[in-house]
Amino acid sequence: MPDHAGLDVVTVGEAMALLIAQQAGALETVQSFARATAGAELNVAVGLARLGLRVAYVSRLGDDSFGRHLRAFMAREAIDIGHVATDPLQPTGFMLKSRVTDGGDPSIEYYRRGSAASHLGPQDFPFAAWHRVRHVHLTGISPGVSESLRELVFLMARTARQEGRTVSFDPNLRPRLWPSEAAMRDTLNALAAHADWVLPGLAEGRLLTGADSPEGIADFYLARGTRVVIVKLGPAGAYYADSQGQCGTAAGVPVPCVVDTVGAGDGFAVGVISALLEGRPLAEAARRGNRIGARVVQFPGDCDGLPTRQELQLEALR
Ligand SMILES: O=C(O)C(=O)C[C@H](O)[C@H](O)CO
């Protein structure tokens with residue numbers, strides 16, 4: 001049994017059906033879509049489970065075909081779905097994603113307002129799984145989905161911190177979910193203050209902290225009690241810094257062809273979280289994050305490029 005098998009992670013968020021355009025161009029011109037799954041925290045759960053970690057996911061799905069498809073997908077990926085409820089009244093959210101041919105970001109349309117997951121709240125705290133939880137992963141998406149889900153996210157972050165479990169936080173900015181930029185910034189910085197490992201992208205870090213450089217962004221969070229900050233620099237790799245004064249840059253991993261950038265940050269989080277939970281050095285965690293992020297952008301679906309443990313090992317030999 002590999003030594004990572006005993007690790008347990010819990011994450012919480014909205015899982016959505018994902019419809020990926022099969023032709024390039026504006027969404028309104030597309031004739032056919034392929035069905036997949038989405039949800040930043042779900043993507044991270046899938047990635048960690050594929051690496052052999054035990055992962056519990058907290059969510060709510062509608063009693064509809066999207067919800068049943070997502071539930072079956074999670075079960076196939078060996079995710080603990082004991083805390084995924086079925087809501088008899090509200091629907092599962094879904095999103096459309098366009099197809100790009102130039103390596104740029106695709107356009108996204110969300111249909112998630114009033115979804116089952118937006119009704120998650122403190123009553124959904126994962127008590128049954130909590131005793132074996134070692135690490136909690138959170139993103140900045142869930143606190144923007146609804147007030148009740150925001151309360152649950154903060155409750156999980158505070159409880160984990162008080163009990164000495166580690167918390168990772170990926171801001172994953174979704175301005176469309178927030179009433180204002182200031183509300184988004186203040187809430188997410190308050191949440192980051194409960195996190196041990198903060199993983200912003202460079203543009204996100206600039207918006208959230210007002211600092212311009214990766215070093216300035218890292219200093220902002222380290223001064224607020226975070227132990228590790230890794231700033232994603234896209235093709236240029238990632239800048240890492242910790243509260244012990246260790247810092248450096250992990251070089252980017254070149255990719256032959258960018259198919260779809262969505263989910264790359266989640267892949268990065270999978271690499272960092274899995275490596276740090278295995279006790280690997282920070283530089284190695286950043287490198288693994290880069291490697292998985294680079295793999296994800298070469299596939300059309302958010303989860304397609306997330307490697308198994310064996311694929312990760314093969315990738316490391318290249
Ligand atoms: O954009 C969101 O809110 C999602 O959770 C859907 C995608 O899976 C996510 O953007 C990938 O990080």
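Here are some friendly notes on this predicted model, meant to be read with the structure open beside you.

1. **The annotated region.** Start with the overall frame. The UniProt record, an unreviewed entry, annotates residues 8–308 as "domain: Carbohydrate kinase PfkB". Over that stretch the chain is 35% helix and 24% strand. The C-alpha atoms at the two ends of the stretch are 17 Å apart.

2. **Strand 4 and its neighbours.** Strand 4 covers residues 54–62, and 8 of its 9 residues are buried. Which strands pair with strand 4? One is strand 1 (residues 8–12), which pairs with strand 4 in the parallel sense over 5 bridges. Here you can find Val10 standing opposite Ala56 of strand 4. Another is strand 5, also parallel to strand 4, with 6 bridges between them. Look there for Leu61, whose bridge partner in strand 5 is Thr86.

3. **A β-α-β unit.** Now follow the chain from strand 4 through helix 2 to strand 5: these three elements make a right-handed β-α-β unit. Helix 2 spans residues 65–76 and strand 5 spans residues 80–87, with a loop between them. That loop is worth a pause, as the next two points show.

4. **Ala78, an unusual residue in the loop.** Ala78 sits in the loop between helix 2 and strand 5. Its phi is positive, about 65°, although Ala78 is not a glycine. Is Ala78 buried or exposed? With a relative accessible area of 56%, Ala78 is exposed.

5. **Glu77 and Arg50.** The side chain of Glu77 meets that of Arg50 in a salt bridge, with an N to O distance of 2.8 Å. Why does this pair tie together separate parts of the chain? Glu77 belongs to the loop between helix 2 and strand 5, while Arg50 belongs to helix 1 (residues 40–50), so the salt bridge joins parts that are 27 residues apart in sequence. Glu77 is buried at a relative accessible area of 16%, whereas Arg50 is partly exposed at 21%.

6. **Other salt bridges.** The structure holds 21 salt bridges. One of them links Asp186 and Arg185, at 3.8 Å from N to O. Asp186 is partly exposed at 47% relative accessibility, and Arg185 is partly exposed at 28%. Another joins Arg280 to Glu284, with their closest N and O atoms 3.8 Å apart. Arg280 is partly exposed, with a relative accessible area of 35%, and Glu284 is partly exposed at 26%. Arg280 and Glu284 also belong to a network of salt bridges that includes Glu278, Arg288 and Arg309.

7. **Checking helix 5.** Here is a calculation you can try yourself. Helix 5 has 16 residues (147–162), so at 1.5 Å a residue it should span 22 Å. Its end C-alpha atoms are 22 Å apart, which agrees. The buried residues in helix 5 include Leu149, Leu152, Val153, Phe154 and Met156. To read such a pattern, remember that an α-helix has 3.6 residues a turn, so residues three or four places apart point the same way. Just after helix 5, Gly164 takes a positive phi of about 75°.

8. **Asn172, for comparison with Ala78.** Asn172 lies in the loop between strand 9 (166–170) and helix 6 (181–192). Asn172 is not a glycine, yet it has a positive phi of about 40°. At 10% relative accessibility Asn172 counts as buried, whereas Ala78 is exposed.

Key
Residues numbered from 1 in each chain as written. Predicted model: local features only at pLDDT ≥ 70, side-chain atom pairs only at ≥ 80, totals over all residues. Heavy atoms only, no water. Helix = DSSP H or I, 4+ residues; strand = E, 2+ residues; numbered from the N terminus. Expected span 1.5 Å × (residues − 1). Buried < 20%, exposed > 50% of the residue type's maximum accessible area, 1.4 Å probe, protein only. UniProt positions renumbered as here; feature names shortened; annotations may be inferred. Salt bridge = Lys/Arg side-chain N within 4 Å of Asp/Glu carboxyl O. Pairing = 2+ DSSP bridges. Right-handed = clockwise from strand over helix to strand, strands pointing away.
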